[in-house]
Amino acid sequence: MPVFRLDERLIFPPPHLAEGGLLAVGGDLSPERLLLAYARGIFPWYEEGQPILWHSPDPRMVLPAGELHVARRLERTLRQGAFRITFDTAFGRVIDACAAAARPGQDGTWITGEMRRAYKRLHRLGYAHSAEAWSADRLVGGIYGVSLGGAFFGESMFTREADASKAAFVALVRRVRDWGITLIDCQVASPHVARFGAREWQRARFLAALDEALEQPTRRGSWRLPPGDSWAPPALRAPGPREPG
């Protein structure tokens with residue numbers, strides 16, 4: 001399969017040329033290149049000791065924000081205030097915790113030191129964001145990713161208490177949905193995001209939806225809530241058929 005070698009020029013090959021998902025190797029993690037990559041449906045994914053590898057998988061795991069599914073047990077946990085949810089309050093701690101989290105079947109992490117520095121730069125520029133779940137004053141879960149136009153590209157999440165990362169994920173999706181961000185990119189299939197309604201789309205469908213989403217303005221800058229405030233879930237719907245949780 002063809003894999004393209006990048007140089008200092010800010011260009012990428014067309015994503016449809018990524019057979020097996022891997023499109024290109026090399027380049028850098030400058031903010032300009034990262035933002036161009038996301039706008040083209042491409043993201044970096046590699047391990048320590050490897051060159052930078054750029055991917056555009058087919059199929060693509062996608063969650064339309066309006067189709068978020070939350071099991072009643074988790075909804076109840078959110079309503080009861082088990083976690084305090086904030087946004088962009090501890091981005092550095094979230095990405096560092098994601099890098100340190102143990103992953104079944106993985107010996108190391110793809111969130112290398114180089115990657116952490118690059119996404120912290122994007123955060124300072126107002127493009128990368130986090131949602132945090134707190135228990136008292138302890139950070140117990142979170143998620144981070146990149147926002148462009150009407151799309152949010154989820155990168156990674158971590159949890160230190162049951163349901164903490166789920167709470168952060170649900171809060172993030174509901175908040176961006178209220179802002180008109182409709183496309184949540186989950187990159188590759190996993191049971192964790194599938195339970196929320198994410199499903200696989202053919203790459204061509206994803207890229208068409210991404211082009212449409214990018215017609216919206218980017219909500220750039222801090223997503224922090226006002227001092228002393230935290231995200232609260234909407235009231236539960238009237239009781240209905242029991243959902244698995």
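In which sense do strand β7 and β8 pair, and over how many bridges? Strand β7 (residues 128-135) pairs with β8 in the antiparallel sense, over eight bridges; strands are taken as DSSP runs of E of at least two residues, helices as runs of H or I of at least four residues, and both are numbered from the N terminus. Two strands are said to pair if DSSP finds at least two bridges between them.

The structure is a predicted model, in which local features need pLDDT of at least 70 and side-chain atom pairs count only at pLDDT 80 or more, while totals for chains, interfaces and linings use all residues. Residues are numbered from 1 along each chain as its sequence is written, and side-chain values use heavy atoms, with hydrogens and water left out.

Seven helices and eleven strands make up the secondary structure of the protein. The C-alpha trace spans about 55 × 40 × 35 Å along its principal axes. For 245 residues, a compact globule would have a radius of gyration near 18 Å, and the value of 18 Å for the protein agrees with this; the radius is taken over C-alpha atoms, and the globule rule is 2.2 Å times the number of residues to the power 0.38. Of the 245 residues, 52% count as buried, a term that denotes under 20% relative accessible area, with exposed meaning over 50% and partly exposed the range in between (1.4 Å probe, protein chains only). Contacts, defined by heavy atoms within 4.5 Å, were considered between residues at least 6 apart in sequence, and 72% of these join residues at least 24 apart.

The protein exposes about 11,700 Å², of which carbon and sulfur atoms supply 51%; accessible areas come from the Shrake-Rupley method with a 1.4 Å probe, and for residues only the protein chains shown count as cover. The mean positions of the 32 positive and 27 negative charges lie 6 Å apart. In this count Lys and Arg are positive and Asp and Glu negative, whereas His and the chain ends are not counted. Each charge is placed at NZ of Lys, CZ of Arg, CG of Asp or CD of Glu.

An open sheet of four strands follows the order β1-β2-β4-β3, with mixed pairing. Its edges are formed by β1 (4-6) and β3 (43-44), each of which has a single partner strand, so one side of each is left without a neighbour in the sheet. Strand β2 (residues 22-26) runs parallel to β1, to which three bridges join it. Within this pairing, phenylalanine 4 stands opposite alanine 24, and leucine 6 stands opposite glycine 26. Three bridges also join β2 to strand β4 (residues 53-55), here in an antiparallel arrangement, and histidine 55 in β4 is the bridge partner of leucine 22. Strand β2 is mostly covered, with five of its five residues buried.

Strand β8 (residues 138-148) has ten of its eleven residues buried, so it is largely enclosed by the rest of the structure. In its pairing with β7, leucine 139 of β8 is the bridge partner of tryptophan 134. Two residues lie between the strands in the hairpin of β7 and β8, where alanine 136 takes a positive phi near 55 degrees. Strand β9 (residues 151-159) pairs with β8 in the antiparallel sense over eight bridges, and glycine 154 in β9 stands opposite glycine 145. The hairpin of β8 and β9 likewise has two residues between the strands, and glycine 149 in this hairpin takes a positive phi near 55 degrees.

In helix α2 (residues 72-79), the buried residues are Arg72, Leu74, Glu75, Thr77 and Leu78. Their cover includes α5 (164-178). Glycine 81, just after α2, has a positive phi of about 75 degrees.

Further backbone features occur elsewhere in the chain. Aspartate 58 and proline 59 are joined by a cis peptide bond with omega of about 10 degrees, and proline 59 is placed in the loop between β4 and β5 (60-64). Aspartate 88, a residue other than glycine, has a positive phi near 55 degrees. Aspartate 88 belongs to the loop between β6 (84-87) and α3 (91-100) and is buried, with a relative accessible area of 4%. Glutamine 187 also has a positive phi, near 70 degrees. This glutamine is found in strand β10 (residues 183-187) and counts as buried at 8% relative accessibility.
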